[in-house]
Amino acid sequence: MLGFLVRLLPFWVREPLLIVVGSVFGVRIAYMALDEKDWVLGVIGAVFLVATALRVHTVVQALRARRNPAPAASVDGTTRDTPAPAPAPQRPAPAAPAAPAVREKEPNAWGQAFAAVAVFAALGAAVWLGPKLLPSEAHGTPHAVSCPDGQETELPSAYKKPPRTVTGAELCEALNTPDLARLLGTPAETATGASASNNTAPLTGGKVAQPEAKVEFDTYTVNVAVTYNHLSIAQYVKLMDYGNEIDVKKTEVLGRPAVFSSDHTMKIEISLGGASGGPVEQGPLARTLAVALDAKDRGGYYEITVWSTSGAFPDDDVLLDITEKVLPAVPARKM
């Protein structure tokens, strides 16, 4: 349908239009081929550029023919100037002066060509530069998902006791930053999922708030949780000696005690057919950075965890950058 409509356009509109479109797509595809080192894209881009060059040649030939029209040819293919026979002498009859013949104004080919090139050059520039000019792109990868509304469910009683605790929705808003994909080293990716929960810590009878939030990408998943108990980072490190954590490394983040550790996630399969689900299995290895809630390490901590289905995760500097970006955005506790 589009090809039929294009063929209906006048020559001096259709050809400049196709030249501009072919140039924009050809250069864009060639750029993508060089950037991604994909020879198939390179061949496609070359086809666009060659076809555009042929159309440019056609337009140039048409312009030359328009400027220098060929003389009329005789039947045998040669041009000749045949003198017109002299008219027979006649006595002119008086007649009213004839009105001057109105010559039909031909369309300006250069004007049509310029207008078509200008319009489609603007469209091509919009296609090329549009994604780069979006406000969200100026700071990183745009949000593809939004965090859940924090007012949809009733908060457990542990969240209503002083000091004020943050909710899962507030953690999600702090974590789901446009810079997150760039910090992970995958700036071309867009978040595919965001979730939050207002849990309580296990084995506490629902008395200790433990909100969580998670943002998922194709490559990595990032989880942030806060535990409002009396366990300090110093005590947390001692407990790691009895656990399965590996690569334990003490550090300091935003002036607070912190510790790196690695452990396997859990994989749980749930059957929807009525039968019981499978056993809990060991999931991929995850890297966690636990940070004290305050500089004096009086109890409670944040945990920022990164993992992927492949079992790989970025280095510790990436986890530090994410933590230093997310924690200042988390609402402060109110006494």
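The following exchange goes through the labels given to parts of this predicted model and the values behind them.

User: What is the make-up of the chain in helices, strands and buried residues?
Analyst: The chain has eight helices and seven strands. Of its 335 residues, 33% are buried. The exposed area is about 21900 Å², and carbon and sulfur atoms supply 60% of it. Among contacts with a separation of 6 or more, 62% are between residues 24 or more positions apart.

User: Why are C147 and C172 called a disulfide?
Analyst: The cut-off is a pair of cysteine sulfur atoms within 2.5 Å. The sulfur atoms of C147 and C172 are 2.1 Å apart, so the pair meets it. By this rule the count comes to one disulfide.

User: What makes the disulfide of C147 and C172 left-handed?
Analyst: The torsion about its S-S bond is about -80 degrees, so the disulfide is left-handed.

User: Which parts does the pair C147 and C172 tie together?
Analyst: C147 lies in the loop between α4 (109–133) and α5 (168–175), and C172 lies in helix α5, so the tied parts are 25 residues apart in sequence. Both cysteines, C147 and C172, are buried.

User: How do you know that E154 and K160 form a salt bridge?
Analyst: A salt bridge needs a side-chain nitrogen of Lys or Arg within 4 Å of a carboxyl oxygen of Asp or Glu. The closest N and O atoms of E154 and K160 are 2.6 Å apart, so the pair qualifies. The structure holds seven salt bridges.

User: Are E154 and K160 buried or exposed, and why?
Analyst: Exposed means over 50% relative accessible area. E154 has 63%, so E154 is exposed. K160 has 53%, so K160 is exposed as well.

User: What label do E170 and R164 get, and why?
Analyst: E170 forms a salt bridge with R164, with the closest N and O atoms 2.5 Å apart. Partly exposed is the range between under 20% and over 50%. E170 is at 22% relative accessibility and therefore counts as partly exposed. R164 is at 27%, so R164 is also partly exposed.

User: What makes the salt bridge of D316 and K249 a link between distant parts of the chain?
Analyst: The side chains of D316 and K249 meet at 2.9 Å, N to O. D316 is in helix α8 (residues 316–326) and K249 is in strand β4, 67 residues apart. D316 is at 15% relative accessibility, under the 20% limit, so D316 counts as buried. K249 is at 38%, and therefore counts as partly exposed.

User: What joins D179, R182 and K325 into one network?
Analyst: Salt bridges that share partners join D179, R182 and K325.

User: Why is T288 called buried?
Analyst: Its relative accessibility is 13%, and buried means under 20%, so T288 counts as buried. T288 lies in strand β6 (residues 281–292). Leaving out residues up to four places away in sequence, T288 touches V259, F260, S261, E303, I304, T305 and L319.

User: How do you know that T288 and T305 make a polar contact?
Analyst: The cut-off for the pair of N or O atoms is within 3.5 Å. The contact joining the side chains of T288 and T305 is 2.9 Å.

User: What makes the phi of L203 and the phi of L254 worth listing?
Analyst: Most residues other than glycine have a negative phi. Phi of L203 is near 65 degrees, a positive value, and phi of L254 is near 55 degrees, also positive. L203 is in the loop between β1 (193–200) and β2 (209–216). L254 is in the loop between β4 (246–253) and β5 (256–267). At 91% relative accessibility L203 is over 50%, so L203 counts as exposed. L254, at 43%, counts as partly exposed.

User: How do you know that V40 can belong to a nonpolar patch?
Analyst: Patch residues need over 30% relative accessible area. V40 is at 39%, so V40 passes that limit while counting as partly exposed. The patch consists of V21, F25, W39, V40, V43, I44, V47 and F48, with about 730 Å² of accessible area together. Two elements, α2 (11–36) and α3 (39–67), give two or more residues to it. The largest share, six residues, comes from α3, the helix that holds V40.

How values were computed: Residues are numbered from 1 along each chain as its sequence is written. This is a predicted model: local features need pLDDT of at least 70, side-chain atom pairs count only at pLDDT 80 or more; totals for chains, interfaces and linings use all residues. Side-chain values use heavy atoms; hydrogens and water are left out. Patches are made of residues with over 30% relative accessible area and no salt bridge: like charges are joined within 9 Å, nonpolar side chains (Val, Leu, Ile, Met, Phe, Trp, Tyr) within 5 Å. Accessible areas come from the Shrake-Rupley method with a 1.4 Å probe; for residues, only the protein chains shown count as cover. Helices (H or I, at least four residues) and strands (E, at least two) are DSSP runs, numbered from the N terminus. Buried means under 20% relative accessible area, exposed over 50%, partly exposed in between (1.4 Å probe, protein chains only). A polar contact is a pair of N or O atoms within 3.5 Å; within protein, one must be able to donate a hydrogen and the other to accept it, and residues adjacent in sequence count only if both atoms are side-chain atoms. Contact means heavy atoms within 4.5 Å.
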